[in-house]
Each structure stands twice: as C-alpha cells, then as structure tokens.
Amino acid sequence: AEMSGPARERLIALRQGSERGRNLLEQLLTLAKAQAVPPSLNSPVSVQHIYRRVLEDLMPLAEAKHIDIGVEGEQDAQVLVNEFDLIAVVKNLVDNAIRYTPEGGRVDLSVLSADGNATLQIKDSGPGIPMGERERVFDPFYRVLGSNQAGSGLGLSIVKAISDRIGAEVRLAFSDEAKQSGLCVSVVVQKFESSRGG
C-alpha cells in the first residue's frame, strides 16, 4: 500500500526495533542454555564443517558491509564437542567480527593443530579490543566504549560460558600486533584422536 514518507520512516524504525528485540531474545536464550545445560554425549565434529555452516548464515551480513570473509587454508581438525555448542561459539565470534569491522574490511577464519589441540581463529580488521578491556568484554551486556555498534553485548559472554563448559580456552589478541589493531580470537579445543587399529 502507498504510504507517506513519515509513516514509512516509522515502519522502518519499528522493523529495526523488532529485529533488535528478536536478536536479544535469541542471545539471552543461548546464554541461559550455555550456563545451564550439562554437557551431552559428543561425537567428533569437523571444524571446517562448522565454518561452512556459520558462513552460510552470516554471508548476507558480510556482503551488506562489503567485507571480504572466508576460510584461510585447507587444514581441518576433528573436535569432540557438541556440534550446536561449537556453532554457537563460532557464530557469535564471526557475527561480532563482521559488526565491528569497518565497511570494506576483512574477516578470516582458520584452524591450527598442535599438541593434541585444535585452535579455531577468527581474525578481523576492526579496531580490536584494548588490553585494559579484555577481561570485561566477557561480562554480559558489556560494550566497548565508542564502538557505536548495535548489539546486546552478549556475544562474548555466550562464547565464554560455552567454552568454560566444554573445557575450551578463549584468548584475545590484536590481529596486527605492530599497529595494535584488529581482533584475533583463538578458541583452543582438545582434538579428537581416533584409536588406531581394530
């Protein structure tokens, strides 16, 4: 139906508000599950498979900001973690990376293997997180000052709660240490080692 300019603007604002409310409810539910659900029986999961699933979901968000996003390298690792837990961790990290990376920036996903562990890395070309705020960013609803980003401040809380439950370690660093910019989040998870023979 035809609509006046002011009515169209109000409708757009209403849609944006309801979308923010929906996202907040989803994240609150995810955080509540991460804090309450006991670990379930796990089977080996491919990190590359998780990356593909998350990129399928978040590609439209990256394309809207003209962000170059993708997986670096062919290396894969099998980890003994609940698939939905790992999807929630990676999805929150990639969503954050896209939101905080300026238009035309870059987000890279990779996986490294060493000493029986798999390290999932999500790097972006955004502003990074100052050293003094790295502990606080895991608190629910905490937002880095001056970021001007829409969001609930729950993404990293969800990542931390799930990581604690599955025995993973989350590390924050700059993507570019020399310039002290960009964020590199590493999630270290124990690799699944299949028994040989038999």
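This is a short walk through the fold, the core and one helix of the structure above.

Okay, a bit of housekeeping. What you see is a predicted model, where local features need pLDDT of at least 70, side-chain atom pairs count only at pLDDT 80 or more, and totals for chains, interfaces and linings use all residues. Residues are numbered from 1 along each chain as its sequence is written, and side-chain values use heavy atoms, with hydrogens and water left out.

So, the overall layout. We have four helices and seven strands, where helices (H or I, at least four residues) and strands (E, at least two) are DSSP runs numbered from the N terminus. Reading from that end, the order is α-β-α-β-β-α-β-β-α-β-β. The chain has 198 residues, and 40% of them count as buried, meaning under 20% relative accessible area with a 1.4 Å probe, protein chains only. As for contacts, which are heavy atoms within 4.5 Å: among those between residues at least 6 apart in sequence, 71% join residues at least 24 apart.

Now the core. By nonpolar core I mean a set of buried Ala, Val, Leu, Ile, Met, Phe, Trp, Tyr and Cys residues joined through side-chain atoms within 4.5 Å. The largest one has 44 residues, and those touching the most other members are Ile69, Val90, Leu93, Val94, Leu109, Leu120 and Val187. Who chips in? Helices H2 (47-64), H3 and H4 each supply at least two residues, and so does each of the strands E4 (106-114), E5 (117-124), E6 (169-176) and E7 (181-190). H3 gives the most, with nine residues.

Take Leu120 up close. Setting aside neighbours within four places in sequence, Leu120 is in contact with Val47, Tyr51, Leu86, Val90, Ser110, Val185, Ser186, Val187 and Val189.

Back on H3, residues 83-100, there's Asp95. Is Asp95 buried or exposed? Asp95 counts as buried, because its relative accessibility is 17%. Beyond residues up to four places away in sequence, Asp95 touches Leu58 and Leu61.

Last stop, H4, residues 155-166. Nine of its 12 residues are buried, so H4 is largely enclosed by the rest of the structure. The buried set isn't purely nonpolar on paper: Ser157, Ser163 and Arg165 are among them, along with Leu156, Ile158 and Val159. The length checks out too: the end C-alpha atoms sit 17 Å apart, which agrees with the 16 Å that 12 residues should span at 1.5 Å a residue, taking 1.5 Å times one less than the number of residues. Right after H4 comes Gly167, with a positive phi near 75 degrees.

Conventions:
Buried < 20%, exposed > 50% of the residue type's maximum accessible area, 1.4 Å probe, protein only.
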